[in-house]
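Me: Could you walk me through this structure in small steps? I am new to this, so let's go one question at a time.

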Amino acid sequence: MGNVLVWAVWFLAAGGCLASGVAVVSLTNPFFSALALIGNLASLAVLYLLLAAEFLAAAQVLVYAGAVMVMFLFVVAYLGGKADAPWVGGPPLLRTAAVVAASALLVEVVVVLGLAWGDELSAPAEVADGFGSPASIGELFLTDHLLAFEITSIVLLVAAIGGVVLGTAREREEAA
Amino acid sequence: MAVGGWICLLAPLAGALLITLAGGRISRRTAGWISTLSTFVAFGGAVTAFFATWAASPDEREHLSTAYTWLAAGDFEVGFQILVDPLSTVMMLVVSGVGGLIVWYSMGYMGGDDEERRYFAYMSLFVFSMLMLVEAGNFLLLLVGWGLVGLASYLLIGFWHKRPEAVAAAKKAFVVNALGDATFVLGAVLLIWETGTLEYFGVFERVDGLSSTTVNLVALGLLGGAVAKSAQIPLHTWLPDAMEGPTPVSALIHAATMVTAGVYLLVRAHPIFEAAPDIQHLAAILGAVTLLVAGAVALVQWDIKRVIAYSTMSQIGYMFMAAGIGAYGYAIFHLMTHAFFKALLFLAAGVVIHHLADEQDIRRMGGLKDALPRTHIAFLVGTLALVGIPPFAGFWSKDGIISSALATGGALGWTLYVASLAGVLLTGAYAFRLYFAVFRGPPPEHAQEAHGHGEGPRSMLVPVGFLTLLSTIGGLVVIPGVWHPFTDWIGETAEALVEPTTAQDYLTSAIAVALGLVGAGFAHRAFRDRRQLVTSPGAWRVLEHKVYFDELYDALFYRPAVALSNALRSDVEEPIVERSMEEIGSGTIQVGGGVGRLQSGLLRSYALAIAFAVVVLVVVFVAVR
Amino acid sequence: MDGPDVGWYLIVAAILFGIGSLGVMLRRSPLIVLLSLEIMLNAGSLTLIAFARQQGSLDGQVFALAVMAVAAAEVAIGLGLIVAMARREMPLDVDRASTLRG
């Protein structure tokens with residue numbers, strides 16, 4: 001019974017993920033595309049939960065969907081009509097080539113997975129209850145992966161400064 | 001002992017460096033003094049070394065002094081070492097002594113030349129190089145000195161570099177010597193290969209263990225170098241042309257010292273040659289051939305310096321002959337006396353040339369006996385020494401060589417004996433021809449008169465005086481039957497293979513003196529009758545063209561080389577090399593243009609390219625795993 | 001583990017990645033391209049977390065968290081660029097921004 005529930009949830013989440021992904025890529029109004037992406041992020045959060053990554057699921061919803069996407073929506077609103085995105089494809093060669101490349105990649109992944117499935121992928125490791133909890137991730141961040149932690153914070157700092165620079169440049173342009 | 005040797009070696013180097021570094025800051029005269037004094041300091045060092053060696057007991061007369069290990073490669077090691085032993089002390093004395101006198105003379109001869117400082121720097125460089133050559137304790141350092149004297153010779157022959165003949169002569173000297181250097185190096189390499197060392201003592205100990213092929217090849221290599229450096233046939237063509245250099249240069253390098261380096265090598269490396277007797281006899285034969293041919297050619301030359309140059313070639317032939325039959329003591333003895341009288345002749349000729357405002361053609365000279373009395377005496381003494389009239393120096397040394405040939409006996413000994421006696425006849429003829437033409441008879445109609453400051457400055461006449469003295473008494477260190485300290489001294493380093501008896505000595509001397517006087521008589525008769533010594537036109541032409549050696553080498557080596565170069569240029573360089581360079585250039589431009597078209601500027605095609613790259617890479621990674 | 005194997009998650013991630021790359025290569029509006037990039041990044045994060053579960057090691061999740069932070073930074077700058085383009089009255093079309101043409 002529990003198993004059926006898990007499978008059902010999985011299908012829902014995976015389906016929502018893929019559907020919203022297609023929506024993001026194919027809608028002409030960027031506002032709707034952004035909303036579709038929020039849906040995508042939510043579905044992914046569910047999938048994370050199923051994979052015993054609770055903290056990440058929460059972070060995904062809070063940070064990604066909550067902050068990043070909101071910022072996106074703000075910009076789209078600011079741009080207004082200029083942000084319209086008609087479906088003009090580009091040279092036909094480019095279109096076919098793109099489809100070919102994407103499908104090739106997909107096929108490759110499936111093949112590789114198929115090759116490796118039998119041995120390892122069906123036997124996931126046993127995990128403790130605290131796997132994926134904020135405490136365990138926090139512990140890793142502050143011990144084994146301290147460097148990554150610090151560098152990530154520097155990246156964020158740089159991005160913030162970059163944003164300010166881009167913004168100030170705009171204002172100076174306006175003043176001149 | 002070693003201290004003297006080091007001072008002797010390094011003083012001229014210091015002089016050369018000083019002059020070079022001071023550049024234009026010192027006057028030309030100062031440069032001359034630096035050079036002269038440094039050479040005399042070297043002479044002082046040589047004297048010290050000599051007396052120290054003499055004072056030591058006969059067993060301890062070889063002193064090897066190493067400054068530092070210069071080259072080390074695996075087991076092979078070569079040090080910067082000098083050897084002070086009887087042979088090298090004699091050579092040091094001759095080089096620095098005669099060299100000092102000649103450099104002093106140059107101060108007067110070259111005075112007023114614009115580039116006097118360069119000249120004296122080169123002269124000091126040369127003295128240093130020659131001293132390195134004779135003081136070296138191993139073959140490598142000998143080779144260094146060998147090469148450096150070649151360099152100094154090139155620089156000094158081409159000193160008046162604005163004259164194309166001088167430049168050409170310098171090149172010729174260098175190229176011919178390079179041939180000898182090459183064979184020398186090959187011999188040295190073979191020595192390293194077979195014996196693992198280049199030190200004299202190391203090599204000489206191991207000579208007996210070498211196969212005869214090896215020893216013959218090494219000896220042949222060394223002989224090749226000696227033949228080139230000493231201007232023996234067949235590598236002699238450079239010496240007459242080298243007379244383009246200033247007269248003191250001709251005196252120092254091409255009479256007294258550098259050209260005798262070959263003889264020194266033959267004596268120093270005598271264990272190698274004794275183990276390869278065929279090569280040693282070859283050296284003797286080459287010497288005999290040279291002394292005859294050079295003597296004959298000297299009979300018809302017009303240039304005063306060229307006559308003396310051929311005379312030098314001839315006399316070195318005697319020394320080669322002596323070394324070739326094992327009479328090492330007499331070879332070095334003749335080297336020393338020859339340095340005295342040949343330098344004397346050159347320097348006296350220089351006074352004449354200087355006096356006549358650079359006239360060198362003897363047809364335009366004559367009757368200088370009264371104008372240049374002291375030079376006349378000097379030249380006469382030099383000529384007598386050259387011909388071998390007692391009691392002058394040449395008599396004692398040359399006759400020692402000839403009687404050694406007699407003592408050798410056998411086919412070789414008799415051939416050499418006859419050849420050397422014939423050479424004495426030729427020597428008498430050409431030497432006195434020269435003397436009469438320059439100093440006797442009436443002056444020619446268009447005689448060039450010179451700057452009239454008397455016979456010459458003191459700096460030129462005093463060295464000439466010294467050399468006159470040395471040419472007179474210098475030979476008295478060996479009197480057969482009475483005493484022979486000189487040959488004994490050399491014999492400690494290189495024991496003679498053959499010793500003439502007193503009777504042979506006296507017999508030979510009598511014949512030689514007689515022949516010399518006969519030759520002089522021929523010259524006198526020809527002079528009196530105002531005709532040439534060689535009357536047959538065919539012989540005349542051959543001798544005037546120096547037996548056509550230059551033409552032969554031109555046809556054998558120079559023309560084919562030029563033809564080959566031209567052929568290579570037109571058939572290989574231009575069509576293949578140059579064309580392919582152009583092709584590569586234009587091909588690169590084409591490829592660049594093509595690649596440029598890939599840069600469309602479209603962001604999406606770049607993204608597409610990345611996607612494709614990822615696709616390919618995944619396949620690669622999976623396959624490689 | 002209940003539910004699907006890790007492999008299924010990986011397939012979902014792969015398909016998501018393909019969709020995202022198609023969006024990058026086929027759309028002309030920079031906003032949509034940016035959104036597609038986000039989808040690709042998320043697909044990568046999903047893969048990481050799936051493997052983290054598979055291996056029993058939290059390193060994958062840590063990596064995914066870092067990816068999230070970097071993605072946030074990247075979106076900020078990208079949006080800044082887009083707004084700058086709009087400010088200068090440039091058309092919001094990636095094909096028109098082709099001054100890298102060689």
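Me: What length does helix α4 of chain B reach from its first C-alpha to its last?
Reply: Happy to help, and please keep in mind that this is a predicted model. Helix α4 of chain B covers residues 116-135, which is 20 residues. At 1.5 Å a residue the expected value is 28 Å. The helix comes close to that, reaching 28 Å.

Me: Is α4(B) largely enclosed or exposed?
Reply: A residue counts as buried if 20 or more other C-beta atoms lie within 10 Å of its own. In α4(B), 19 of the 20 residues are buried, so the rest of the structure leaves this helix largely enclosed.

Me: What percentage of the residues of chain B count as buried?
Reply: Chain B holds 24 helices and 2 strands. It has 625 residues, and the share of them that counts as buried is 53%.

Me: Which helix of chain B gives the most to the largest nonpolar core?
Reply: That core has 204 residues, and those with the most contacts inside it are B:Leu131, B:Ala331, B:Ala343 and B:Leu347. One helix, spanning residues 328-355, supplies 20 residues to the core. The top contributor is therefore helix α15 of chain B.

Me: Which residues does B:Ala331 touch, not counting residues up to four places away in sequence?
Reply: B:Ala331 is one of the residues with the most contacts inside the largest core. Once residues up to four places away in sequence are set aside, its partners are B:Val263, B:Val267, B:Met319, B:Ala322 and B:Ala323.

Me: How many residues does chain A bring to its contact with chain C, and how many of those are nonpolar?
Reply: The contact takes 62 residues from chain C and 75 residues from chain A. On the side of chain A that touches chain C, α1(A) gives the most, with 12 residues. That side includes 15 polar and 5 charged residues, and its nonpolar residues number 55.

Me: And how many residues of chain B touching chain A are nonpolar?
Reply: Here the contact takes 10 residues from chain B and 10 residues from chain A. The chain B side has 1 polar and 1 charged residue, and its nonpolar count is 8.

Me: Which peptide bond is cis with omega near 5 degrees?
Reply: Most peptide bonds are trans, so a cis one deserves a look. One cis bond, with omega near 0 degrees, runs from B:Pro390 to B:Pro391, and B:Pro391 sits in the loop between α16 and α17 of chain B. The bond you ask about leads to B:Pro234, in the loop between α8 and α9 of chain B. With omega near 5 degrees, it is the bond from B:Ile233 to B:Pro234.

Me: What is phi of B:Ala231?
Reply: Most residues other than glycine have a negative phi. B:Ala231 lies in the loop between α8 and α9 of chain B, and it counts as buried, with 29 C-beta neighbours inside 10 Å. Its phi is positive, near 55 degrees.

Me: Is A:Ala52 buried or exposed?
Reply: A:Ala52 also has a positive phi, near 60 degrees, and its place is the loop between α2 and α3 of chain A. There are 22 other C-beta atoms within 10 Å of A:Ala52. The cut-off is 20 or more, so A:Ala52 is buried.

Conventions. Residues are numbered from 1 along each chain as its sequence is written. Chains are lettered from A and ligands numbered from 1 in the order in which they are written. This is a predicted model: local features need pLDDT of at least 70, side-chain atom pairs count only at pLDDT 80 or more; totals for chains, interfaces and linings use all residues. Two residues are in contact if their C-beta atoms, placed from the backbone, lie within 7 Å. Ala, Val, Leu, Ile, Met, Phe, Trp, Tyr, Cys and Pro count as nonpolar, Asp, Glu, Lys and Arg as charged, and the others, Gly among them, as polar. A nonpolar core is a set of buried Ala, Val, Leu, Ile, Met, Phe, Trp, Tyr and Cys residues joined through C-beta atoms within 7 Å. A residue is buried if 20 or more other C-beta atoms lie within 10 Å of its own, exposed if 12 or fewer, and partly exposed in between; C-beta atoms are placed from the backbone. Helices (H or I, at least four residues) and strands (E, at least two) are DSSP runs, numbered from the N terminus. The expected span of a helix is 1.5 Å times one less than its number of residues.
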